[in-house]
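Trainee: Pick one part of this structure and take me through it closely. Keep the story connected from start to finish.

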Amino acid sequence: MMHSSMCRVQRGSFVYYTCRRLPVRHAFTTKSGGVSTGACESLNLGFNRGDTEQNVRENYRRLAEELNVDGARFTLTRQIHEAEVSVVRESEAGMGLTRPMAWQSDAIVTALPDTPLIGFYADCVVTLLYDPATHAAGVCHAGWRGMAAGILPKTAHVMAEKLGAHRDSLIAVLGPSIRQECFETDADVPQAMERQLGAQVQPFIAEKGAKFHVDLQGIGAKLLRDAGLSPENVIDSGICTMCHADTFWSHRATHGVRGVQGAVICL
Ligand SMILES: [Zn+2]
């Protein structure tokens with residue numbers, strides 16, 4: 001069920017989700033609001049989905065206009081399912097869109113104003129982070145590999161160590177993503193998670209016949225609380241991309257033929 005702090009926003013054909021707990025410009029985008037066609041119809045934000053570059057750039061322009069952010073400063077994650085976290089400084093603003101991509105970071109964080117950070121999802125868990133005490137922001141992409149590698153608490157850690165963010169005021173919102181009831185796996189996924197995170201993940205793994213169902217959001221929220229975030233500041237959006245494949249691209253529901261959504265945050 002959708003968390004009570006989440007809101008669906010619609011302006012014309014543009015549809016996205018926000019969280020009332022984040023008092024900065026931000027959005028979890030949906031399929032709607034862009035110009036792309038075919039499998040990427042319509043707000044595809046990925047340059048590697050078979051879409052035309054012109055369409056993707058127009059989608060970014062529309063997103064910037066909708067959120068009232070500087071479209072030339074969108075700074076992108078590069079999602080390779082690992083646990084690298086990079087700090088975005090002035091020389092990196094715009095990386096991936098107006099500057100060549102120079103990192104392999106599934107998570108990026110910043111204290112720079114007017115610098116929208118964006119991570120991508122189509123089932124994976126993308127988390128927006130914000131510390132109202134020190135005005136630091138972050139975005140973290142985690143599929144099961146990144147979650148097992150601890151990228152989510154690592155992002156909070158980098159925000160604290162490099163940007164001075166306070167763990168006790170840091171807010172994290174886990175965005176729309178595939179949830180336990182839909183996320184069916186073989187034994188390799190729970191085994192890898194247990195190998196890297198230990199027995200603490202067991203309550204988040206259900207066995208159904210020969211298959212497993214893993215609660216990635218539950219694991220992510222626990223790891224953030226254990227990293228020092230207040231339980232009330234760790235918000236699971238509760239939205240399943242596969243159950244809502246009419247609204248969101250779900251990697252599983254589309255068998256990979258799809259565009260990609262973005263989670264954006266901007267100080
Ligand atoms: Zn579902």
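Mentor: Start with C182. C182 counts as buried because its relative accessible area is 19%, and the cut-off is under 20%. This is a predicted model, so read each value as computed from it. Now take C243. Its relative accessible area is 44%, which makes C243 partly exposed, because that class lies between the buried limit and the exposed limit of over 50%.

Both cysteines serve the zinc ion. Its protein donors are the SG atoms of C182, C240 and C243, at 2.1 to 2.2 Å from the metal. Along the chain, these donors are spaced as C-x57-C-x2-C. C182 and C243 therefore tie together distant parts of the chain, 61 residues apart. C182 sits in the loop between β10 (171–174) and β11 (184–185). C243 sits in the loop between β14 (234–236) and α6 (251–254).

Follow β10 and β14 back from those loops. Both belong to an open sheet of 6 strands with mixed pairing, in the order β5-β6-β9-β8-β10-β14. β14 stands at one edge and β5 (85–87) at the other. Each of the two has a single partner strand, so one side of each lacks a neighbour in the sheet. From one strand to the next, the twist averages 15°.

At the β5 edge, the partner is β6 (residues 107–110). The two strands run in the parallel sense and share 3 bridges. Here V85 lies opposite A107 of β6.

Helices cover this sheet too. α3 (residues 151–163) packs on it, touching β5, β6, β8 (125–131), β9 (136–142) and β10. The direction of α3 makes about 155° with that of β9. α5 (residues 216–226) lies across β8, β10 and β14. Against β10, α5 runs at about 170°. β10 and β14 thus lead from the zinc loops to the strands under α5.

Finish with another helix, α1 (residues 53–67). Its 15 residues reach 21 Å from first C-alpha to last, close to the 21 Å expected at 1.5 Å a residue. Its buried residues include V56, Y60, L63 and L67, and also the polar N55, N59 and E66. These buried residues of α1 pack against β1 (6–11), β2 (14–19), β3 (25–29), β4 (75–76), β7 (117–121) and β15 (261–266). Just after α1 comes N68, with a positive phi near 60°.

Note on methods: Residues numbered from 1 in each chain as written. Predicted model: local features only at pLDDT ≥ 70, side-chain atom pairs only at ≥ 80, totals over all residues. Heavy atoms only, no water. Donors = N, O, S within 2.8 Å, 3.2 Å for Na, K, Ca; no water. Helix = DSSP H or I, 4+ residues; strand = E, 2+ residues; numbered from the N terminus. Buried < 20%, exposed > 50% of the residue type's maximum accessible area, 1.4 Å probe, protein only. Pairing = 2+ DSSP bridges. Axes fitted to C-alpha atoms, helices over the stretch in contact; angles between N-to-C directions. Contact = heavy atoms within 4.5 Å. Expected span 1.5 Å × (residues − 1).
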